[in-house]
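User: Please give a close account of how the strands pair and how the helices pack against them and each other. State the cut-off behind each term.

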Amino acid sequence: MAASSSNGEHQTAAATTTKPPPLPSPLRFSKFFQSNMRILVTGGAGFIGSHLVDKLMENEKNEVIVADNFFTGSKDNLRKWIGHPRFELIRHDVTEQLLIEVDQIYHLACPASPIFYKYNPVKTIKTNVIGTLNMLGLAKRVGARILLTSTSEVYGDPLVHPQPESYWGNVNPIGVRSCYDEGKRVAETLMFDYHRQHGIEIRIARIFNTYGPRMNIDDGRVVSNFIAQALRGEPLTVQVPGTQTRSFCFVSDMVDGLIRLMEGEHTGPINIGNPGEFTMLELAETVKELINPAVEIKMVENTPDDPRQRKPDITKAKELLGWEPKVKLRDGLPLMEEDFRLRLGVPKKN
Ligand SMILES: NC(=O)c1ccc[n+]([C@@H]2O[C@H](COP(=O)([O-])OP(=O)(O)OC[C@H]3O[C@@H](n4cnc5c(N)ncnc54)[C@H](O)[C@@H]3O)[C@@H](O)[C@H]2O)c1
Ligand SMILES: O=C(O)[C@H]1O[C@H](OP(=O)(O)OP(=O)(O)OC[C@H]2O[C@@H](n3ccc(=O)[nH]c3=O)[C@H](O)[C@@H]2O)[C@H](O)[C@@H](O)[C@@H]1O
């Protein structure tokens, strides 16, 4: 349960550092040469990362560097930028040191789909802990601001609903999801310790389920599974009991929220997600209605520790970032359907 001493204000005040941040690159103070903003996106070849790169590249004053090990991401997601003079792609694993010069770091590198983060749980923890430590070390050396994409999974199987940032969560520390949710909790701790101890400028986004074009077709997450199944005419696999809820955010809204957080004045953590809440059975019914009314819905076994409910309280995002999602689930699903049809080679019948 949320302890009374853990209300948002108290948490934010305790987090504020008195130490000035390390100096940014001398280039930022040069009078005659206005250098571009150099932005590192770790995990930039993945789903959210590649959409973020597209948005950042729209600004001609930005240079974007992606560091990715291509575990779940792909060069294909970035193909329109490869060879662009303001873009660089580095095959790099964040569990290793990275010595480059940058002004901002969006730190996304980490597998996000449960089937991928459970595939090699020890590596997932290393990515979250050593990877975040390395990126914080880089931020400290070059005086960069760093944003971590944390997750609603830090709330575990929440006992408070909807979840405000002040809720400390209900997480199983030894379960099969712990490599990811405890990994992200340590990553958040490291961010705040570097902030308090070294004055690093940090931003933490707690992302709730995000969907949209470019998700891996075999990613295993629920929205991509249902859309791919509906298009192939296969039964939609609802994991029991089907009454568990999630709140789904369209990827363009997510990218807008992440950039506002990076550019704003607040460390966070700030929930970024769409508060529209659906049971998995409701989601299956909606996909069936919109994409393939002939398809069956089949109940299948679930995995351990699956959270029963999830819905973000986005009061902080609204007040501090002026952000709220614009795309409703019923409008976002057809945009994703279009992309999946193209990739699966299933044209729409008129
Ligand atoms: N999509 C969501 O619903 C969601 C929800 C909460 C949090 N997040 C967070 O957002 C971030 C991006 O998620 P996504 O949905 O785009 O996932 P994704 O799997 O599509 O992207 C992750 C990217 O990180 C790369 N990567 C993984 N381990 C790495 C390592 N050790 N070194 C370098 N690169 C590595 C992958 O190759 C991939 O390109 C993740 O940090 C995830 O935890 C996502
Ligand atoms: O919001 C978040 O913070 C987290 O959201 C997702 O985690 P999860 O909600 O478990 O994602 P899914 O695998 O899409 O599962 C959602 C629900 O759908 C159900 N499901 C999944 C797949 C399927 O085929 N059928 C089905 O009913 C699952 O049992 C679960 O209840 C992401 O994958 C995490 O990276 C992210 O951190």
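Analyst: **Strand pairing and helix packing**

Strand β8 and strand β13 (residues 297-300) pair in the parallel sense over four bridges; strands are DSSP E runs of at least two residues, helices H or I runs of at least four, numbered from the N terminus, and pairing requires at least two DSSP bridges. The model is predicted, with local features needing pLDDT of at least 70 and side-chain atom pairs 80 or more, while totals for chains, interfaces and linings use all residues. Residues are numbered from 1 along each chain as written, and chains are lettered from A and ligands numbered from 1 in written order.

Within this pair, L236 of β8 has I297 of β13 as its bridge partner. Side chains alternate along β8 (residues 236-239): L236 and V238 point to one face and are buried (20 or more other C-beta atoms within 10 Å of the residue's own, all placed from the backbone), whereas T237 and Q239 point to the other face and are not buried.

An open sheet of seven strands runs in the order β3-β2-β1-β4-β5-β6-β11, with parallel pairing. Its edges are β3 (87-91) and β11 (270-272), each pairing on one side only. From one strand to the next, the twist averages 20 degrees. Strand β2 (residues 62-68) is joined to β3 by five bridges and runs parallel to β3, with A67 opposite I90 of β3.

Two helices lie across strands of this sheet. Helix α2 (residues 47-57) spans β1 (37-42), β2, β3 and β4 (104-107), at about 165 degrees to β2; axes are lines fitted to C-alpha atoms, for helices over the stretch in contact, and angles run from 0 to 180 degrees between N-to-C directions. Helix α4 (residues 121-142) lies across β1, β4 and β5 (145-151), at about 170 degrees to β4.

Helix α4 also packs against helix α5 (residues 178-198), at about 15 degrees with axes 9 Å apart. The two are therefore roughly parallel (under 35 degrees). Contact residues (C-beta atoms, placed from the backbone, within 7 Å) include I125, V129 and L133 of α4 and V186, A187 and L190 of α5.

The packing of helix α8 (residues 280-291) against helix α10 (residues 329-344) is at about 60 degrees, with axes 11 Å apart. This angle makes α8 oblique to α10 (outside under 35, 65 to 115 and over 145 degrees). T286, V287, L290 and I291 of α8 meet L329, R330, L333, P334 and E337 of α10.

Note on methods
Buried ≥ 20, exposed ≤ 12 C-beta atoms within 10 Å, placed from the backbone.
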